[in-house]
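Biologist: I should be grateful for a close look at a single part of this protein, followed outward into its surroundings. Please state each criterion when it is used.

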Amino acid sequence: MTDLIHPVILCGGGGTRLWPMSRPARPKPFLPLLGERTLFQQALDRVADTSVFAPPTVVAGEAHVAPIREQGGDALPLIVEPMGRNTAPAIALAAARLPADAVMLVCPSDHHIGDVPAFVAAAEAAAGLARQGYLVAFGIAPDRPETGYGYLKQGAAIEGGFELERFVEKPDRERAEEFLADGSYSWNGGIFAFGAGRFMEELDRHRPDMADAVRRAVEQGGDDGATLRPDAEAFGNIAGESVDYAVMENTDRAAMVPVSMAWSDIGNWQALHEARAADGADAAGNVADARHDLADCTNVMAVSDGPRISVVGLEGVIVVVDGDDVLVTSAAGAQDVGKLSGAGK
């Protein structure tokens, strides 16, 4: 089993920027936003090749247990966080439960990857580096000067990838354009590979209190084989922190594997519009999955769970109808949907 790659799928967040379709009772990972399978099911599908991947482990909060079991089955290994503490402790829970020599592939549950063979090839390359002791990030090949993502700066070439020179915070437009022109910057997609034992070694070095608390939470938790519920008191003592800040920016063995795999984090309605348009839009760039009438429109998306949507003479607009709620936003305003008072309800 240790020769296989061990996927760890992180389920967290409420997807409030995809309100009103994404809500606490049915958040973004568990919606069929692209095709008939939900984003979570697609994440499972990508690691289903048993010649490459071991059975995946899912890390999630209690609120997500029901949809995970409904969509992934009762036998799917699941770690239920007592409370959210960001990605570093979540990953550490899985690392503490796996054999030390297991290679982990950490994946978000709510991203879209259009080129699965490219993803698998990158996972195998990253696993090769992880077996050499590297902590590896996937570097998503950028196709535009995106200001909504963090970036990875590519360093010297190594066999199977590159050294990771540094992490870069979300840039402004001017810097994003410079990154794109430079050619050595990639988007940070939040996908990582490392040995379980190596990850815990780095956590011991840089965040020893977190490492100790995670081990106690696992040892003192309730485990029925399919579901681990870490001890709430031990886990509650952890100060939440992302894996980027806690480990990846501190290790001296960071590497990256660049990959072009038609990736999107589906982080807002405009990102979903772009992903759906890639699979099929009309000649004017319009996308609709509802009863609709789009007259003299360009780059409009219409989404509805029933009522007809009619739009005349608009460009770059997204209209979403879900139950009693209606959202109308420009493409530029899509990033701010989560700030609406109704979002998250």
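Biologist: In which loop is the place of isoleucine 266?

Modeller: The structure is a predicted model, in which local features require pLDDT of at least 70 and side-chain atom pairs count only at pLDDT 80 or more, whereas totals for chains, interfaces and linings use all residues. Residues are numbered from 1 along each chain as its sequence is written, and side-chain values use heavy atoms, with hydrogens and water left out.

Isoleucine 266 is found in the loop between strand 13 (263-264) and helix 10 (269-279). Helices (H or I, at least four residues) and strands (E, at least two) are DSSP runs, numbered from the N terminus. With a relative accessible area of 0%, isoleucine 266 is buried; buried means under 20% relative accessible area, exposed over 50%, and partly exposed in between, with a 1.4 Å probe and protein chains only. The backbone is also of interest, since phi of isoleucine 266 is near 45 degrees, a positive value in a residue other than glycine. Most residues other than glycine have a negative phi, and most peptide bonds are trans.

Asparagine 86 likewise has a positive phi, near 75 degrees, and is not a glycine. Its loop runs between strand 3 (78-81) and helix 3 (87-97). At a relative accessible area of 44%, asparagine 86 is partly exposed. A further backbone feature is the cis peptide bond that joins tryptophan 19 and proline 20, with omega of about 10 degrees. Proline 20 belongs to the loop between strand 1 and helix 1.

That loop leads to a group of charged side chains. Arg23, Arg26, Asp322 and Asp325 are linked in a network of salt bridges, a salt bridge being a side-chain nitrogen of Lys or Arg within 4 Å of a carboxyl oxygen of Asp or Glu. By this rule the model has a count of 20 salt bridges. Within the network, arginine 23 meets aspartate 322 at 3.3 Å, N to O. This pair links distant parts of the chain, 299 residues apart: arginine 23 lies in the loop between strand 1 (5-10) and helix 1 (39-46), and aspartate 322 in strand 18 (residues 317-322). Arginine 23 also forms a salt bridge with aspartate 325, at 2.7 Å, N to O. Because aspartate 325 lies in strand 19 (residues 325-330) and arginine 23 in the loop between strand 1 and helix 1, this pair ties together parts that are 302 residues apart in sequence. In the salt bridge between arginine 26 and aspartate 322, the closest N and O atoms are 2.7 Å apart. Here too distant parts of the chain are linked, with arginine 26 in the loop between strand 1 and helix 1, aspartate 322 in strand 18, and their positions 296 residues apart.

The four members vary in accessibility. Aspartate 322 is buried at a relative accessible area of 7%, and arginine 23 is buried at 16%. Aspartate 325 counts as partly exposed at 25%, as does arginine 26 at 33%.

Strands 18 and 19, which carry the two aspartates of the network, take part in an open sheet of four strands in the order 14-16-18-19, with mixed pairing. Strand 14 (287-288) and strand 19 stand at the edges, each with a single partner strand, so one side of each is left without a neighbour in the sheet. Two strands pair if DSSP finds at least two bridges between them. Strand 16 (residues 301-304) and strand 18 are paired in the parallel sense by four bridges, and alanine 302 has valine 319 of strand 18 as its bridge partner.

Strand 7 (residues 151-158) offers a second view of strand pairing, with six of its eight residues buried. It pairs with strand 8 (residues 161-168) in the antiparallel sense over six bridges, where leucine 152 stands opposite phenylalanine 167. The two strands form a hairpin with two residues between them, and glycine 160 in the turn has a positive phi of about 95 degrees. Strand 7 is also joined by three bridges to strand 9 (residues 185-195), the two running antiparallel; tyrosine 151 has tryptophan 187 of strand 9 as its bridge partner.
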